[in-house]
Number of protein chains: 2
Amino acid sequence: MNLDFDAVRRAQRRLEGLARRTPVLTSAHFDALAGGRVFFKCENFQRVGAFKFRGAANAVFSLSDTDAARGVATHSSGNHGQALALAAKLRGIPATVVMPDNAPRIKRAAVEGYGANIVFCAPTQADREHTLAAVVAKSGAHVVHPYEDWDVMAGQGTAAAELCAEVPDLDLVLAPIGGGGLISGTSVSVKALAPGARVIGAEPAGADDAWRSLRAGRRVTDVKPDTIADGLRATVGENTFGIISRLVADIVRVDDAAIVRAMRLVWERLKIVIEPSSAVPVAALTEHAVDAQGLRVGVILTGGNVDLDRLPWQSVQIDIPPG
Amino acid sequence: MNLDFDAVRRAQRRLEGLARRTPVLTSAHFDALAGGRVFFKCENFQRVGAFKFRGAANAVFSLSDTDAARGVATHSSGNHGQALALAAKLRGIPATVVMPDNAPRIKRAAVEGYGANIVFCAPTQADREHTLAAVVAKSGAHVVHPYEDWDVMAGQGTAAAELCAEVPDLDLVLAPIGGGGLISGTSVSVKALAPGARVIGAEPAGADDAWRSLRAGRRVTDVKPDTIADGLRATVGENTFGIISRLVADIVRVDDAAIVRAMRLVWERLKIVIEPSSAVPVAALTEHAVDAQGLRVGVILTGGNVDLDRLPWQSVQIDIPPG
């Protein structure tokens, strides 16, 4: 298998009435900062609050009735887990999400809220995969990988397809890179619909495995992620790296301080709630890691799931009385 | 003078290309809470981050060239001050904003950022009016009152006019009440475009002068406002109360705790930044102060200007070590 724009087109038809067509916002303030025209594709308004619903729903609704009846499964305590849970609920099939037993209560509650079964495992990659394999052996569930799955990538590509349809003549499209599913779908859509535009990926400096991989010409998998952008700590996949190598013009890196500043600026100026991962390509613009001078730039804002009690720009001042 | 829908129509034409046509958002979560279908008109995405730009711009662009040349003035340290400053800048005329000398630095900076002159006064109503009168005596500037001005009210009515055009068959429209400018324009638009719909105002329990006035059948002006909804601390005006008495079906009240809960829920579920005043009609729905069962309900979300360092749901836990 592989990914082509026909697969994205099929995903678009499949997602009609399931996924939201999210709005595109603009801001004179960001235009001035970037020196070009910036168009924000707001996937924070997508169902479950993130673009991940597109890929998960495309994968779930691509299954034959027979396969679907056995259910779907994944290991993810983040947006993909919630997205798969909701997609399965909408199709009326069971979903199992394998989650480390130290996952935050708020994430368990979200997955449970969409009616999925949670199976806990020890917080190691080995036990996670072992536990998922046990789930599959018992139920015959179809595993939906968060980014290596071709149907997932095709679903993620529908966001950029909508953006290119709504905003003609883009010169540049920016998206963050975690495992690489979003940028893979994005670059296939942009190549088909805005062939003159470049696609550039943005990574946190503390989780720059895709940047290193692109420079090395092979997957670098030994980066220990250390970044506030919790949605981008995954390692780029084999399938996704193949597409990135072919279609992505460049990858740039931004540090966590710039990510937090960009996130706050989006909240202040665009009046929308985005999570740190979404702010990574924004920071690439505001820090001029990407030259956008005079260009029409699309930015995929990936999601808006944050803990409103713990915002990253709030360092609590604690005054301890002397004595 | 008075306010009729023709004035709103003229304002719509005047504001074309000046004010944003803001999006309408929906959320299954809020539909379930309210028991109906809820349509949020997002004026937090308006220029200067609040609906106030509509009224201020309509007033500024209604002036003859001769009158406009002498400039405009107001006393407001809030959204109206910023809105008037930007409207004047866009018309290329001077604006003066009278502001108490204890106004937060962030508000001064915003008004200065739009190029207005600031004249400081003592933080009393008397000195505020005295200082504004002195500005007018010297410059001949046209005073744009934040809500008693008929052009301001007509401008505010364009938000509901857009909402009614985009969402047919509304049964109910909710808006907050401070001085009453927004609900006056709203009720005139709704009466013209959705004659079957009721308009209900929402007030903080700690600033319920319009609620008291409606029940007394005359303006009650001795309420000392005490509410987190800083945009709604003004006293309902004579002009606005006349319209409210005729066209508003009811006014309901919600307490500050409910306002903060509703504000947070909007951030979490709609992924947008709104200020406490915007959350007042939302709280009226979530607290069932208004019965929306089975109804199609429009809600004007008035603005999104908040201090991101001080969110009202954050009570800092300070652990002082024993000893």
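Contact here means heavy atoms within 4.5 Å. Keep that in mind as you open this predicted model.

**Stop 1: where the chains meet**

Show chains A and B together. By that rule, 24 residues of chain B are in contact with 24 residues of chain A. Now select B:Phe45, B:Lys271 and B:Leu308. These three supply 31% of the area that chain B buries against chain A, more than any other three residues. Between them, the two chains bury about 2,000 Å². Carbon and sulfur atoms account for 60% of that area.

Next, look for charged pairs across the boundary. There are two salt bridges between chain B and chain A. To see a salt bridge between the chains, select B:Arg264 and A:Asp309. Their closest N and O atoms are 2.8 Å apart. Then colour helix H12 of chain B, residues 256–270. H12 gives the most to the side of chain B that touches chain A, with four residues. Polar contacts join the chains too: ten residue pairs, both at pLDDT 80 or more.

**Stop 2: the sheet in chain B**

Hide chain A. Find the open sheet of four strands, with the order S5-S4-S3-S6 and parallel pairing. Which strands stand at the edges? They are S5 and S6 (142–143), and each has a single partner strand, so one side of each is left without a neighbour in the sheet. Strands of a sheet pair through backbone hydrogen bonds.

Select S3, residues 72–75, in chain B. Four bridges join S3 to S4, and the two run parallel. For one pair, pick B:His75; its bridge partner in S4 is B:Val98.

Move on to S4 (residues 95–100) and S5 (residues 117–121) of chain B. They pair in the parallel sense over five bridges. Here B:Thr96 has B:Asn117 as its bridge partner. Add helix H6, residues 105–113. S4, H6 and S5 of chain B make a right-handed β-α-β unit.

**Stop 3: a threonine in chain A**

Show chain A again and select A:Thr96, in strand S4 (residues 95–100) of that chain. Is A:Thr96 buried or exposed? It counts as buried, at 12% relative accessibility, because the cut-off for buried is under 20%. Leaving out residues up to four places away in sequence, A:Thr96 touches A:Val72, A:Ala73, A:Thr74, A:Asn117, A:Val119 and A:Val135.

**Stop 4: an asparagine in chain B**

Select B:Asn79, in helix H5 (residues 79–91) of chain B. This residue is buried, with a relative accessible area of 16%. Its side chain makes a polar contact of 3.2 Å with the side chain of B:Glu275. Beyond four places in sequence, the contacts of B:Asn79 include B:Val48, B:Ala50 and B:Asn305.

**Stop 5: salt bridges within a chain**

Select B:Arg54 and B:Glu162. Their side chains meet in a salt bridge of 3.0 Å, N to O. B:Arg54 sits in helix H3 (residues 52–62) and B:Glu162 in helix H8 (residues 150–166), 108 residues apart. Both are buried.

Now pick B:Asp250 and B:Arg215, a salt bridge of 3.2 Å, N to O. B:Asp250 lies in strand S9 (residues 250–254) and B:Arg215 in helix H10 (residues 209–216), so the pair ties together parts that are 35 residues apart in sequence. B:Asp250 is partly exposed, at 27%. B:Arg215 is partly exposed too, at 45%.

Finish in chain A. Select A:Lys41, A:Glu43, A:Arg54 and A:Glu162, which are linked in a network of salt bridges. Over all chains, the count comes to 30 salt bridges.

Conventions: Residues numbered from 1 in each chain as written. Chains lettered and ligands numbered in written order. Predicted model: local features only at pLDDT ≥ 70, side-chain atom pairs only at ≥ 80, totals over all residues. Heavy atoms only, no water. Pairing = 2+ DSSP bridges. Right-handed = clockwise from strand over helix to strand, strands pointing away. Buried < 20%, exposed > 50% of the residue type's maximum accessible area, 1.4 Å probe, protein only. Polar contact = N/O pair within 3.5 Å; in protein donor to acceptor, adjacent residues only side chain to side chain. Buried area = accessible area lost by both parts, 1.4 Å probe. Salt bridge = Lys/Arg side-chain N within 4 Å of Asp/Glu carboxyl O.
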